[in-house]
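Colleague: I have a new model to learn from. Could we go through it in short questions and answers?

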Amino acid sequence: MSKANGFETDVLNITFNATLAAHLGVLDTTGNANLYVSLHTGDPGEAGSQTTSECAFGSYARVAVARSGVGWTVSGNTVENAAGISFPECTSGSETVTYVGIGTITSGAGQLLYSGALSASRSVSSGITLQFAAGALTVSED
């Protein structure tokens with residue numbers, strides 16, 4: 001059994017924009033004002049948390065993205081980042097980023113909502129600032 005397309009859109013709007021379709025009034029959307037994008041050196045998997053295989057280069061931090069139309073754009077059963085996402089500049093160490101995640105808290109083992117492989121790995125070392133252009137991160141419900 002799979003979700004109907006309309007419900008998939010509702011789930012994305014609730015998760016990423018904290019908005020509620022009138023017919024889903026029983027669901028709570030008052031949670032976090034932000035979602036947190038994380039970088040990973042391996043697949044955190046469906047059972048992983050935000051810390052599973054998470055990057056740890058110097059000055060690394062998850063990036064907050066508002067749960068609103070300003071942070072995310074929902075269209076049908078797909079959502080994408082509405083603006084660019086820029087991680088702090090690496091100050092030490094080096095890692096190869098292969099996955100990106102979206103979770104619920106700024107640090108620690110928060111709930112990982114979505115994760116996916118990058119289309120190409122990205123090397124991060126001292127002086128590198130990893131960025132994603134608007135529309136570069138997409139999530140689909142199906």
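Colleague: Why is C90 not bonded to another cysteine, and how far is its sulfur from the closest cysteine sulfur?

Modeller: Keep in mind that this is a predicted model. A disulfide needs two cysteine sulfur atoms within 2.5 Å. The closest cysteine sulfur to that of C90 belongs to C55, and it is too far for a bond, so the gap to quote is 9.4 Å.

Colleague: How many disulfides does the whole structure hold?

Modeller: The search covered the whole structure. C55 is in no disulfide, and its nearest cysteine sulfur is that of C90. The count of disulfides is zero.

Colleague: Are C55 and C90 buried or exposed?

Modeller: Buried means under 20% relative accessible area. C55 has 4% relative accessibility, so C55 counts as buried. C90 has a relative accessible area of 1%, so the word for C90 is also buried.

Colleague: Which elements make up the protein, and in what order do they run?

Modeller: There are one helix and nine strands. Read from the N terminus on. The order is α-β-β-β-β-β-β-β-β-β.

Colleague: What share of the contacts joins residues 24 or more positions apart?

Modeller: Count contacts with a separation of 6 or more. Of these, the share from residues 24 or more positions apart is 70%.

Colleague: What percentage of the residues is buried?

Modeller: The protein has 142 residues. It exposes about 7,100 Å², and carbon and sulfur atoms supply 50% of that area. The buried share of the residues is 39%.

Colleague: Which strands are at the edges of the open sheet with the order 3-4-9?

Modeller: Three strands form this sheet, and the pairing is antiparallel. An edge strand pairs on one side only. That description fits residues 72-75 and residues 138-140, which are strand 3 and strand 9.

Colleague: How much does that sheet twist from one strand to the next?

Modeller: The sheet order is 3-4-9. Going from one strand to the next, the twist averages 20 degrees.

Colleague: How many bridges join strand 3 to strand 4?

Modeller: Strand 4 covers residues 78-81 and runs antiparallel to strand 3. T73 has E80 as its bridge partner in strand 4. V74 stands opposite V79. The number of bridges between strand 3 and strand 4 is four.

Colleague: Which residue in the turn between strand 3 and strand 4 has a positive phi?

Modeller: Strand 3 and strand 4 form a hairpin with two residues between them. A phi of about 60 degrees belongs to G76.

Colleague: Which residue of strand 9 stands opposite T78?

Modeller: Strand 4 and strand 9 run antiparallel, joined by three bridges. Opposite T78 stands S140.

Colleague: Which residues of strand 4 are on its covered face?

Modeller: Side chains in a regular strand alternate between the two faces of the sheet. In strand 4, T78 and E80 are on the uncovered face. The covered face has V79 and N81.

Colleague: Is S38 buried or exposed?

Modeller: S38 lies in strand 1, residues 34-40. Leaving aside its neighbours within four places in sequence, its contacts include E54, Y60, F87 and Y99. Its relative accessibility is 0%, so S38 counts as buried.

Colleague: What distance separates the side chains of S38 and H40 in their polar contact?

Modeller: A polar contact needs N or O atoms within 3.5 Å. The contact joining the side chains of S38 and H40 is 2.7 Å.

Key
Residues numbered from 1 in each chain as written. Predicted model: local features only at pLDDT ≥ 70, side-chain atom pairs only at ≥ 80, totals over all residues. Heavy atoms only, no water. Buried < 20%, exposed > 50% of the residue type's maximum accessible area, 1.4 Å probe, protein only. Contact = heavy atoms within 4.5 Å. Areas by Shrake-Rupley, 256 points an atom, 1.4 Å probe, with all protein chains shown as cover. Pairing = 2+ DSSP bridges. Axes fitted to C-alpha atoms, helices over the stretch in contact; angles between N-to-C directions. Polar contact = N/O pair within 3.5 Å; in protein donor to acceptor, adjacent residues only side chain to side chain.
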